[in-house]
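Hi everyone, thanks for making room for me today. I'll talk through one helix and then the disulfides, so let me put the structure up.

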Amino acid sequence: MKKISIALMLSLVVMVLIKEVHVAEAACNPTELSSCASSVISAAKPSRACCSKLRKQKACLCGYLKDPNLRKYVNFPNARKAVSSCGITLPQC
């Protein structure tokens with residue numbers, strides 16, 4: 001009985017973790033950061049909408065940094081300034 005309940009608990013934990021991964025992946029949409037374009041292009045102060053979107057996608061930044069198609073945009077100096085201006089630190093991936 002004890003082995004069955006431990007196995008049940010482990011399978012429940014695995015299901016929760018898998019669900020969390022899918023939720024995080026679904027939330028990562030770089031096109032939603034279009035409100036940050038003016039900050040990246042002209043080094044303007046990021047808007048509230050930009051900062052809000054960056055905060056919502058903070059968990060996605062490592063994925064963006066690892067993606068060869070998106071890395072150049074995240075590493076662009078003005079993009080780094082915008083992230084910093086919003087009070088967000090780029091993760092060490």
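Start on the face of α3 that is turned away from its buried side: the exposed residues there are Arg-48 and Lys-56. Exposed is over 50% relative accessible area, buried is under 20%, and partly exposed is in between, using a 1.4 Å probe and protein chains only. Helices are DSSP runs of H or I with at least four residues, numbered from the N terminus.

Before I go on, this is a predicted model: local features need pLDDT of at least 70, side-chain atom pairs count only at pLDDT 80 or more, and totals for chains, interfaces and linings use all residues. Residues are numbered from 1 along each chain as its sequence is written, and side-chain values use heavy atoms, with hydrogens and water left out.

Now flip the helix over. Which residues of α3 are buried? In this helix, residues 48-56, they are Cys-50, Cys-51 and Leu-54. They sit on the same side of α3, because they cover an arc of only 95° around the axis, the arc being taken from the directions from the helix axis to the C-beta atoms. Among what covers them is α6, residues 77-85; contact here means heavy atoms within 4.5 Å.

Two of those buried residues are cysteines, which brings me to the bonds. How many disulfides does a search of the whole structure find? Four, where a disulfide is a pair of cysteine sulfur atoms within 2.5 Å.

Cys-50 pairs with Cys-36, sulfurs 2.0 Å apart. The link is right-handed, with 110° about the S-S bond. Cys-36 is in the loop between α1 (2-27) and α2 (37-42) and Cys-50 is in α3, so the pair ties together parts 14 residues apart in sequence. Both Cys-36 and Cys-50 are buried.

Next door in sequence, Cys-51 bonds to Cys-86, also with the sulfur atoms 2.0 Å apart. That torsion is about -75°, so this disulfide is left-handed. It links distant parts of the chain, with Cys-51 in α3 and Cys-86 in the segment after α6, 35 residues apart. Cys-51 and Cys-86 are both buried.

Then there's Cys-62 with Cys-93, S to S 2.0 Å. The torsion is about -100°, so that one is left-handed. Are these two cysteines buried or exposed? Cys-62 counts as partly exposed because its relative accessibility is 22%, while Cys-93, at 52%, counts as exposed.

For the wiring diagram, number the bonded cysteines in sequence order, and the pairing reads 1-5, 2-3, 4-7, 6-8.

Terms used
Helix = DSSP H or I, 4+ residues; strand = E, 2+ residues; numbered from the N terminus.
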